[in-house]
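Dear colleague,

Please find below the structure that I am handing over to you. My findings follow directly after it, and I should be grateful for your reading of them.

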Amino acid sequence: MAEPLATTAEPAEKFSFAVMLPTLIFDVAAPIVIFNILAAYGVPTLWALVAGGLSPALNTLRVWAKTRRLEPLGIIVISFMVLGTTASLISGSVFVALIKDSFLTATFGCICLGSLFGARPLMFYINRQFVAGDDPVRLEWWNGLWQYPEVRRRLRRVTAVWGLAYLVEAVLRIGFALVLSPAQVVVVSPVMAFGAMIVLIAWSRRYLMALGDERKDVQQPG
């Protein structure tokens, strides 16, 4: 019997890196622009950082409004944004404002690694949403893939790589906040995060699809 790959079927929604454009605008470009404009007008650094951080939060809410579905990870993202912003304002610390995203990044990394000890790793569920969407036929097909050892091994490896990468990113963010100026961190951190995400997505797709290339006789759902 063939061992089909999770992503050999056509995705429920065609993926294109163009879908990353809103993330590039809201999570990378907008915070940089907002911070620099406010700083140029003499707004205190802390408040400029907080204002810039509102853009990624609005992007998360935009996605929720579009899909009408708030996933557990979405809840975590919003919660950490609120907690990080609140902690920054209460402490009055620019450093806390600069590293608040590190806690979110580290949490996601820990969730990835922690899920390796569960029944199925986190990337099984994230990829399932992309591949199957809400189609019951595709969902049944995807869930059935877990019986194949090679599928399990690859999904666990992908999850481990994402987890480790996000923990490293969290450490680097803190390092940047320690050695760079706030204006530099505002540029370097989101650019690094976006670049790392693109690399991880590209590698994961290539790695998972490689199994499909090795199994040409795979039967896909209709």
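The axes of helix 5 (residues 122-132) and helix 7 approach within 8 Å of each other and cross at roughly 100 degrees. Since angles of 65 to 115 degrees count as roughly perpendicular, helix 5 and helix 7 are therefore roughly perpendicular to each other. On the side of helix 5, the contact is made by Leu122, Met123, Phe124 and Asn127, and on the side of helix 7 by Leu155, Val158, Thr159 and Trp162. The residues of this contact between helix 5 and helix 7 comprise six nonpolar, two polar and no charged. Please bear in mind throughout that this is a predicted model.

Helix 7 also packs against helix 4, and here the arrangement is as follows. The axes of helix 4 and helix 7 are 7 Å apart, and the packing angle is about 165 degrees. Because angles over 145 degrees count as roughly antiparallel, helix 4 is roughly antiparallel to helix 7. The crossing of helix 4 and helix 7 is left-handed. In the contact of helix 4 with helix 7, the residues divide into 17 nonpolar, six polar and three charged.

As to the setting of these helices, the protein has eight helices and zero strands. Read from the N terminus, its elements run α-α-α-α-α-α-α-α. Of the 222 residues of the protein, 38% count as buried. Where contacts in the protein join residues at least 6 apart in sequence, 76% of them are between residues at least 24 apart.

I turn next to the charged side chains. Side chains of opposite charge can pair when their charged atoms come close. With a cut-off of 4 Å between a side-chain nitrogen of Lys or Arg and a carboxyl oxygen of Asp or Glu, the count comes to four salt bridges. Three of the pairs are described here, among them one that links distant parts of the chain.

That pair is Asp101 and Arg173, which form a salt bridge with their closest N and O atoms 4.0 Å apart. Asp101 belongs to helix 4 (residues 94-115) and Arg173 to helix 7 (residues 149-179), and the two are 72 residues apart. Are these two partners buried or exposed? Asp101 has a relative accessible area of 32% and is therefore partly exposed, since buried means under 20% and exposed over 50%. Arg173, at 8% relative accessibility, counts as buried.

Arg173 has a further partner within helix 7. The side chains of Arg173 and Glu169 meet in a salt bridge, at 3.1 Å from N to O. Both residues, Arg173 and Glu169, lie in helix 7, four residues apart, which is about one turn of the helix. Asp101, Glu169 and Arg173 are thus linked in a network of salt bridges. Glu169 is buried, its relative accessible area being 4%.

Which residues does Glu169 touch, not counting residues up to four places away in sequence? They are Thr105, Met192, Ala193 and Ala196. Thr105 lies in helix 4 and, at 6% relative accessibility, counts as buried. Leaving aside neighbours within four places in sequence, Thr105 is in contact with Tyr166, Glu169, Ala170 and Arg173. Thr105 is accordingly in contact with two members of the salt-bridge network, Glu169 and Arg173.

Helix 7 holds another pair, Glu150 and Arg154. Their side chains meet in a salt bridge of 2.7 Å, N to O. Glu150 and Arg154 both lie in helix 7, four residues apart, about one turn of the helix. Both Glu150 and Arg154 are buried.

One last position deserves mention. Gly114 lies in helix 4 and is partly exposed, with a relative accessible area of 40%. Gly114 and Ala160 are 46 residues apart in sequence, and the distance between them in space is 9.2 Å, C-alpha to C-alpha.

In brief, helix 7 is roughly perpendicular to helix 5 and roughly antiparallel to helix 4. The salt bridge between Asp101 and Arg173 links helix 4 with helix 7, and Glu169 joins these two residues in the network.

With kind regards

Notes. Residues are numbered from 1 along each chain as its sequence is written. This is a predicted model: local features need pLDDT of at least 70, side-chain atom pairs count only at pLDDT 80 or more; totals for chains, interfaces and linings use all residues. Side-chain values use heavy atoms; hydrogens and water are left out. Buried means under 20% relative accessible area, exposed over 50%, partly exposed in between (1.4 Å probe, protein chains only). Contact means heavy atoms within 4.5 Å. Axes are lines fitted to C-alpha atoms, for helices over the stretch in contact, and angles run from 0 to 180 degrees between N-to-C directions. Angles under 35 degrees count as roughly parallel, over 145 as roughly antiparallel, 65 to 115 as roughly perpendicular and the rest as oblique. Ala, Val, Leu, Ile, Met, Phe, Trp, Tyr, Cys and Pro count as nonpolar, Asp, Glu, Lys and Arg as charged, and the others, Gly among them, as polar. A crossing is left-handed if the near helix is turned anticlockwise from the far one by less than a right angle, and right-handed if clockwise.
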